Amino acid sequence: MGVVPAPAWTPLWEERAAAAVNGTGKIAHVLTLEEGLEDVAKKSKARMMVKAKGRKGKGWTQRIVRKACQWGPLVLPLALMSLLILEVCHLFRDHLSHSPQPGERQNTEHPFQHKTTDEESRVIEQGATHKESNLNRLDMPTRIVRGVREPCLKLLPWEEISDLDFPPSPTGPLKILHYKMCKSHLLEEHLPVSFRSQNIQYHERELKRDLLFTGNQTMDERDQSYKVSEVMQVHCGFCSGGNTFEIGPQDKALLDKCKAVVMTCAFGGGDDIYQPINVTKASFSKVCFVAFWDEVTLEAQMRGGRQPDSSGKIGHWHIVVVRNLPFSDQRLNGKIPKMLGHRLFPNARYSIWVDSKSQFRRDPMAVFEALLWRTNSSLAISEHGARDCVYKEGDAIVRKHKASPEEVATQLGQYRREGFPEKARFDDHKALAEASIIVREHMLLTNLFMCLWFNEVTRFTARDQLSFPYVLKRLGVLHINMFPVCTRKSLVNSLGHMHKAKPLNISILSS
């Protein structure tokens, strides 16, 4: 039998077996077919695991990037909102730490500040039971401007405030301003539009009492009053002379001496009086503090133990008792000192009006410097905090029952017919204002503005925020400072109205 020839190729398992022969020529281990196949499978699996691990690492990176792109626009605003909430909580905590606690007297003394007298302390203590958290607060509100937190009202240092004096009077296009006096008779066709539209029947004495005070302005005279010229004659209250809003001779002499004044009023037994705080001695010597009361308020305050002393003062406030008020609506009577301060203080150059619900808490000379002189303005007033549309403000007034729908519709209908825009702006600010604080210079243009504003209020509604933007826009010659709401809050402590003013019975007083 012949020899079988060797195959042309050697199986893999045989090659592995040959490679296993050691250096002595002996076979150390011979792989079987099964073992060879198992070894190949293990190495293939190892290579596959290495590749899968590499793909797995790349997949996590891609998924992270994809999730960031998907959720980033939502997560980022939430993070910013969380930071804002933390900042608000921080400010609230600081506010609580600086505010006096109930029953705690706050130390407000300052080397340049007038020390509180026993009478002032008594007056302050009597009002301490009403909204103690706001009374006598001196904290300064802050706001964020271009990413930087700053005080809402930037005042000079105390040493510089004491050295402040009134600057020279500016000049303007108006050189002479005359105030009209009333005629001896009233004509029905000259009644204001709002009165004619409501078909109200007036008692003759009642007509003479309020319309003779305002001057019985016609619509033609109203239109002419907005055309500014060098010499003007306008209605501006007190048209009947001294027959209404009577002030005693001693009080008149005091008002004539004032060069600057902080004033308020309470008619019909309204609010208590709150003493000004944080005022330098120098400013008390330069600025008068005058509160106008009627006999009803005087009687109510005396029953509460608050009676003017022999000089007619309660604390820093000089109390001026007014008799023979012209309007049955006490809100309109309050507009007289609020808007016609230049008629009551003929020699005053500057004034600050403060509603009776507020406590004035800044130095008046520092306020003049910050809001008027530094900004080159002749009038400063707060922007409205909620709205910028006079027509929406009218809706809000009706909803809150602060004026009747008929009188608001009459006023805003007139403004709409004249083309007054819904969102009026002036000097790049919304023209709708909140007029609880008015800081102004008594120059001819601002006096004219206040006269026209008073005429609108007495012609239409007592809600003066409706007529302010109209007069401001139509007159168009004033440079005013419309400061933000937080500045208003830095000027006063708001305590709210304590009592509702009683309406005045004109017919009884006139009989």
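Student: Which element gives the largest share of the lining of the largest cavity?

Tutor: Strand E5 does, with 3 residues of the lining. Please keep in mind that this is a predicted model. E5 covers residues 260-266, and strand E6 (288-294) also gives two or more residues to the lining.

Student: How many cavities of 30 Å³ or more does a search of the whole structure find, and how much space lies in the largest cavity?

Tutor: The search finds 4 such cavities. The largest cavity holds about 90 Å³. Its lining consists of 14 residues, of which Thr264, Asp272, Ile273, Tyr274 and Ser356 are the closest to the centre.

Student: What makes a space a cavity and not a pocket?

Tutor: The criterion is that a 1.4 Å probe fits at the points but cannot get out, whereas a pocket is an open set.

Student: How is the lining of the largest cavity divided by class?

Tutor: It has 8 nonpolar, 3 polar and 3 charged residues. Tyr is counted as nonpolar in this scheme, and Tyr274 is one of the residues closest to the centre of the largest cavity.

Student: Why is Trp71 called partly exposed?

Tutor: The relative accessibility of Trp71 is 44%. Partly exposed is the class between the buried limit of 20% and the exposed limit of 50%, and therefore Trp71 belongs to it. Trp71 is found in helix H2, residues 33-98.

Student: What makes Trp71 eligible for a nonpolar surface patch?

Tutor: A patch residue needs over 30% relative accessible area and no salt bridge. The 44% of Trp71 passes the area cut-off. Together with Leu74, Val75 and Leu78, Trp71 makes a nonpolar patch of about 410 Å².

Student: How do you know that Glu299 and Arg303 form a salt bridge?

Tutor: The N to O distance between their side chains is 3.3 Å. The cut-off is 4 Å between a side-chain nitrogen of Lys or Arg and a carboxyl oxygen of Asp or Glu, so the pair qualifies. Glu299 and Arg303 are 4 residues apart in helix H10, which means that about one helical turn separates them.

Student: Are these two partners assigned to which exposure classes?

Tutor: Glu299, at 49%, is partly exposed. Arg303, at 62%, is exposed because the value is over 50%.

Student: Where does Val296 lie, and what separates its C-alpha atom from that of Gly268?

Tutor: Val296 lies in helix H10, residues 295-303. The two C-alpha atoms are 5.4 Å apart, although Val296 and Gly268 are 28 residues apart along the chain. Val296 is partly exposed, at 37% relative accessibility.

Student: What makes the contact of Glu441 with Arg349 a salt bridge?

Tutor: The closest N and O atoms are 3.9 Å apart, and the contact qualifies because the limit is 4 Å. The pair links distant parts of the chain, 92 residues apart: Glu441 is in strand E14 (residues 433-441), and Arg349 is in the loop between helix H12 (341-344) and strand E9 (350-354).

Student: Is Glu441 buried or exposed?

Tutor: Glu441 is buried, because its relative accessible area of 7% is under 20%. Arg349, at 21%, counts as partly exposed.

Student: Which residues are linked in a network of salt bridges?

Tutor: The network links Arg222, Asp223, Glu418, Glu456 and Arg474. Within it, Arg474 and Glu418 form a salt bridge with the closest N and O atoms 3.5 Å apart. Arg474 is in helix H17 (residues 464-475), 56 residues from Glu418, which is in the loop between helix H15 (405-417) and strand E12 (425-426). Arg474 is partly exposed, at 31%, and Glu418 is partly exposed, at 33%. In total, the structure holds 19 salt bridges.

Student: What makes the phi values of Asn324 and Asn376 notable?

Tutor: Most residues other than glycine have a negative phi. Phi of Asn324 is near 60 degrees, a positive value, and phi of Asn376 is near 55 degrees, also positive. Asn324 is in the loop between strand E8 (317-322) and helix H11 (330-339). Asn376 is in the loop between helix H13 (364-373) and strand E11 (379-383).

Student: Why is Asn376 called exposed?

Tutor: The relative accessibility of Asn376 is 65%, and the class follows because the cut-off is 50%. Asn324, at 24%, is partly exposed.

Note on methods
Residues numbered from 1 in each chain as written. Predicted model: local features only at pLDDT ≥ 70, side-chain atom pairs only at ≥ 80, totals over all residues. Heavy atoms only, no water. 1 Å grid on protein atoms, 1.4 Å probe; cavity = no way out; pocket = protein on both sides within 12 Å on 5 of 7 lines; lining within 4 Å. Points joined across faces, edges and corners; volume = space filled by probe spheres on them. Patch = residues over 30% accessible without salt bridge, like charges linked within 9 Å, V, L, I, M, F, W, Y side chains within 5 Å. Areas by Shrake-Rupley, 256 points an atom, 1.4 Å probe, with all protein chains shown as cover. Buried < 20%, exposed > 50% of the residue type's maximum accessible area, 1.4 Å probe, protein only.
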